[in-house]
Every structure is written in C-alpha cells, then in structure tokens.
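Welcome! Please take a moment to look over the sequence and the structure shown here, and then read on for a short tour.

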Amino acid sequence: MKPKIAVVGSTNMDLIVPCVHIPRPGETVIAKGGQESPGGKGANQAVGAARAGGDVQFLTRVGDDGFGKLLLANLQQEGVSPDSILITPGVSSGLAIVMVEDSGENAIAVVPGANGCVTAEDVESHAEVIRSADILLLQLELTLEPVLAAIRIARDARVRIVVDPAPVPASFPEELLQVDVVCPNQGEASAILGAEVRTIQDARQAAWQLVRRGAKQAIITLGADGAVICDGNNVDFIAPFEVQAIDTTAAGDAFAAAFAVSWGEGKSFQEATRFGCAAGALAASRSGAQNAMPTRAEIDARLLEFVS
Ligand code: ADP
C-alpha cells in the first residue's frame, strides 16, 4: 500500500523570463523568451511525493484565474488528489516572476496571491486529511498560522511530521522544531541557529543543536556534498549520489518529498534519507521545479547503481 502523505503548502506559477540583462529601475528590456512552469514549494513537494510513490493529499489555494486552472489540472495529472485544493475567488494564483540574465544572475518577484489566503481555519476544516495521513509534510511559503495549526493536528493524532523549514521566517517559532524531522539546507540551518553551517563538521554540530532544540531527528542537506543526519543518539553522514548538476532548483523539495514517502513506507531514518538524496541528485541533474521531480523507477534505479 502506498503511504499517505499530507502536504500543506504553496502553489505558484513560475514565469521564467530569460533576458540579456535584468532591467534597471525605469528600463524596459525585450526578453529572450518566456516560459510558464508550475512551482511553489508545497506543490513541488506534492508532485515529488506522488512521483516517488506516495498517495498524496495537498491542502493549498489557487486563484480563480487562468493560472489557477492550469495549476489545478497539472496537480491532478500528476496524481495529487484535488479534494483539498481550494479556489479563492477574486485573487490571483501565486506567481513567481523569475528574470534570469546571461551572466546567470537572477531577480525574482513573488506574488503570494491565493497562498496568502490559506488560513488556520482551512487547515482545521480539513483536519481529517492530516489525521488520516502517515506523514505530514510542511514547508514555510504560507503564513505561519496554517503551518502551526497543521503541526498541532498531526501531533494530537500522532501523525509523523516532517518540516522543511524553507524559507526561514524572520522570527522563527520554536514549535516548528518540535516535530519528528526537520530538514534544512546549510543556509537555512545557519539562519535558524544563528551560526554559519559551512563544513560537514559544522553540519554535524547543527544537526545535534536542532535535536537539542526539540526535533526528534534532524537532517542537514548539503547539496552536492550529501547530507548529515542526527537521530537523537548518533550523527551520520550520508554520501551524495554523483550527478552532472544542471539546475539545483527544487533539489531540496525532491529530497523532502522522497524522504517522506520512503519513511512513510516504514524504511529506517537512514534508508529514507538515502532515498531522498537519490531523488535530490536526480532533480539537480534537470532543469525546472516540478518538471525535475524524479519518478519512483528513476530513484530506485539510482539507488541500485550506487549499491552495485
Ligand atoms: P536545497 O535545494 O533546499 O538547497 P540541497 O541543495 O541541499 O537542498 O539538496 C537536497 C539534497 O539533494 C542534497 O542533500 C543532496 O543529497 C541532493 N543534491 C542536491 N544537489 C546535488 C548535486 N549537485 N549532486 C548530488 N546531489 C545533490
């Protein structure tokens, strides 16, 4: 049976606009193209979890605009249940306008749109989605109230909670760490702990600190260097899977989604982290966000190559 993964989070349409250079204030530049690409950390993780083999319920909001229809259709096509995807009339869907210039530098403007309309009441009225799940998977692109409401419902129902604390809010509530697993990357761990996490040794200490601050288990993802995990007793290093990195956008989303599925299937914390690392590496080897999420067959094949 597929593990039930409840995701509460954001949905965006990313508008990718390549330009020779990013316009300065007052300047108009003719872009070299324009592409719509479904994104938003919540939706990326919902799609990542569905492709990795999860039975996914996703609580989010989109607007009643054209993008909302496209985003909803895309999620359904990916096998994400539409039952808790809510539509907010008169509000735009979440948008991210991503200008990328020839030097590789980018400038991004995010319109929260309907994501800003997800409330604690939405979460409470869909509490059953969380209560009936094996794993609740959260990130931080919504306001904190619905995220904290989801944590409380899952805690009361003894549903395991995985928090990908990204982006890190200016004021970080400790309750976000009182969960089963937190999985920041190095930058996010640095922001939460107020100390630079650069080396693997730093990450080992950071993982311990997150556990000391309340997490039952912690994972620090280290991009091309793999990950460090702490299960409350030991700290371990999980080696990376080698890939030709093309675009690391959403590698962390692929990681968190695949980790949640594998852990929901009953794999050990360490095995689930390796599964997540394989998924993250595959996502880094492709461009895009949701489009880059690997399938179960691809992740399994990558794991087998590593063993042989
Ligand atoms: P984020 O996208 O949140 O910054 P990371 O870049 O740390 O997250 O990526 C998450 C996981 O994906 C890493 O722990 C690693 O296992 C895998 N990964 C990411 N980038 C690469 C890469 N270039 N090579 C191999 N694995 C990668």
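A polar contact is a pair of N or O atoms within 3.5 Å. With that in mind, look at Gly252, where a polar backbone atom is 2.8 Å from an oxygen atom of the ligand. Please remember along the way that this is a predicted model. The briefing begins with the ligand, moves on to two pockets and ends with two details of the backbone.

**Around the ligand**

- The ligand is surrounded by 17 residues, and the closest are Asn185, Thr221, Gly223, Gly226 and Gly252.
- Gly223 places a polar backbone atom 2.8 Å from an oxygen atom of the ligand.
- Thr221 uses its side chain instead, with a polar atom there lying 2.8 Å from an oxygen atom of the ligand.
- How much of the ligand does the protein bury? Taken alone, the ligand exposes 550 Å², and the protein buries 87% of that.
- Two helices, α8 (residues 251–264) and α9 (residues 269–284), each supply at least two residues of the shell around the ligand.
- The largest share of this shell comes from α9, with four residues.
- Sorted by character, the shell holds 10 nonpolar residues, seven polar ones and no charged ones.

**The second largest pocket, where the ligand sits**

- Which pocket does the ligand take up? The space taken by the ligand is the second largest pocket.
- This second largest pocket has a volume of about 530 Å³.
- Its lining is made of 30 residues, and nearest the centre lie Gly223, Ala224, Ala251, Gly252 and Gly280.
- Gly223 and Gly252 are therefore worth finding in the view, as both are among the closest residues to the ligand and both lie among those nearest the centre of this pocket.- Helices α8 and α9 each supply at least two residues of the lining of the second largest pocket.
- The largest share of that lining, five residues, comes from α9.
- The lining of the second largest pocket divides into 17 nonpolar, eight polar and five charged residues.

**The largest pocket**

- The largest pocket holds about 740 Å³ of space.
- Its lining counts 28 residues, with Asp14, Val98, Ile108, Thr249 and Ala289 nearest the centre.
- Which elements each supply at least two residues of this lining? They are β2 (12–19), β3 (35–39), α1 (41–51), β6 (94–101) and β7 (106–111).
- Strand β7 gives the largest share of the lining of the largest pocket, with four residues.
- By character, the lining of the largest pocket has 10 nonpolar, 13 polar and five charged residues.

**Two details of the backbone**

- The peptide bond from Ala166 to Pro167 is cis, and its omega is near -10°.
- Pro167 can be found in the loop between β9 (160–163) and β10 (181–182).
- Arg158 is not a glycine, yet it has a positive phi of about 55°.
- To find Arg158, look in the loop between α5 (144–156) and β9.

Key: Residues are numbered from 1 along each chain as its sequence is written. This is a predicted model: local features need pLDDT of at least 70, side-chain atom pairs count only at pLDDT 80 or more; totals for chains, interfaces and linings use all residues. Side-chain values use heavy atoms; hydrogens and water are left out. A residue is near a molecule or strand if one of its heavy atoms lies within 4 Å of it. A polar contact is a pair of N or O atoms within 3.5 Å; within protein, one must be able to donate a hydrogen and the other to accept it, and residues adjacent in sequence count only if both atoms are side-chain atoms. Accessible areas come from the Shrake-Rupley method with a 1.4 Å probe; for residues, only the protein chains shown count as cover. On a 1 Å grid over the protein atoms alone, a cavity is a set of points where a 1.4 Å probe fits but cannot get out, and a pocket is an open set with protein on both sides within 12 Å along at least five of seven lines; lining residues have an atom within 4 Å of a point. A molecule sits in a cavity or pocket if more than half of its atoms lie within 2 Å of its grid points. Ala, Val, Leu, Ile, Met, Phe, Trp, Tyr, Cys and Pro count as nonpolar, Asp, Glu, Lys and Arg as charged, and the others, Gly among them, as polar. Grid points are joined across faces, edges and corners, and a volume is the space filled by probe spheres set on the points.
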